[in-house]
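Please look over the protein shown below before reading the report that follows. The sections go from one side chain to the overall form, and then to charged pairs and a surface patch.

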Amino acid sequence: PQSVDENGLTNKFVSVVVQRKPEYTGRDVDFAQVHSDLVGSAIIDRLKQTFGGTPSALPLFENGKRPSPSVVEQTLKQLVNLFLINGFALDGSLVSITSN
């Protein structure tokens, strides 16, 4: 018989084997960079999935074309807003600094 606590959790454990993808093995792999890339991609994908097609969507960059500084600024401001809305950050803002 399984026991269930007040949170609905059981005392049954399921074994799970976690393996790295072959391309992430070896001494030459920068695991911190791989982790950063994977987490960053997962966050951006989630924001696109949640807000794509809405007024809150991140502006799209045209493939193969360098975006204008104003598009980059607009995108970064919206990214900060979405991070705040989704609890990825407690506070944030974008400040443009121009060089003379």
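## A first side chain

Is glutamate 73 buried, partly exposed or exposed? In this predicted model, glutamate 73 is partly exposed, because its relative accessible area is 27%, and partly exposed residues are those that lie between the limit for buried, under 20%, and the limit for exposed, over 50%.

## Overall form

The secondary structure of the protein consists of two helices and zero strands. Along the principal axes, the C-alpha atoms fill a box of roughly 70 × 40 × 25 Å, and the radius of gyration is 21 Å, whereas a compact globule of 100 residues would have a value near 13 Å.

Of the 100 residues in the protein, 8% count as buried. The protein exposes about 9000 Å², of which carbon and sulfur atoms supply 54%. Among the contacts with a separation of 6 or more, 27% are accounted for by residues 24 or more positions apart.

## Salt bridges

A search of the whole structure finds two salt bridges. In one of them, glutamate 73 is paired with lysine 77, and the closest N and O atoms are 3.6 Å apart. These two residues are four positions apart in helix 2, so about one helical turn separates glutamate 73 from lysine 77. Lysine 77 is partly exposed, with a relative accessible area of 40%, and its partner glutamate 73 is partly exposed at 27%.

Another salt bridge joins the side chains of lysine 65 and glutamate 62, with an N to O distance of 3.5 Å. Here lysine 65 is exposed, with a relative accessible area of 56%, and glutamate 62 is exposed as well, with a value of 55%.

## A nonpolar surface patch

Which residues form a nonpolar patch on the surface? The patch is formed by Phe61, Val72, Leu76 and Leu94, which together have about 300 Å² of accessible area.

One of these residues, leucine 76, has its place in helix 2, which covers residues 69–85. Leucine 76 is partly exposed, with a relative accessible area of 39%, and this value meets the requirement for a patch residue because the cut-off is a relative accessible area over 30%. Helix 2 thus holds leucine 76 of the nonpolar patch as well as the salt-bridged residues glutamate 73 and lysine 77.

Notes
Residues numbered from 1 in each chain as written. Predicted model: local features only at pLDDT ≥ 70, side-chain atom pairs only at ≥ 80, totals over all residues. Heavy atoms only, no water. Patch = residues over 30% accessible without salt bridge, like charges linked within 9 Å, V, L, I, M, F, W, Y side chains within 5 Å. Areas by Shrake-Rupley, 256 points an atom, 1.4 Å probe, with all protein chains shown as cover. Salt bridge = Lys/Arg side-chain N within 4 Å of Asp/Glu carboxyl O. Buried < 20%, exposed > 50% of the residue type's maximum accessible area, 1.4 Å probe, protein only. Rg over C-alpha atoms; globule rule 2.2 N^0.38 Å. Contact = heavy atoms within 4.5 Å.
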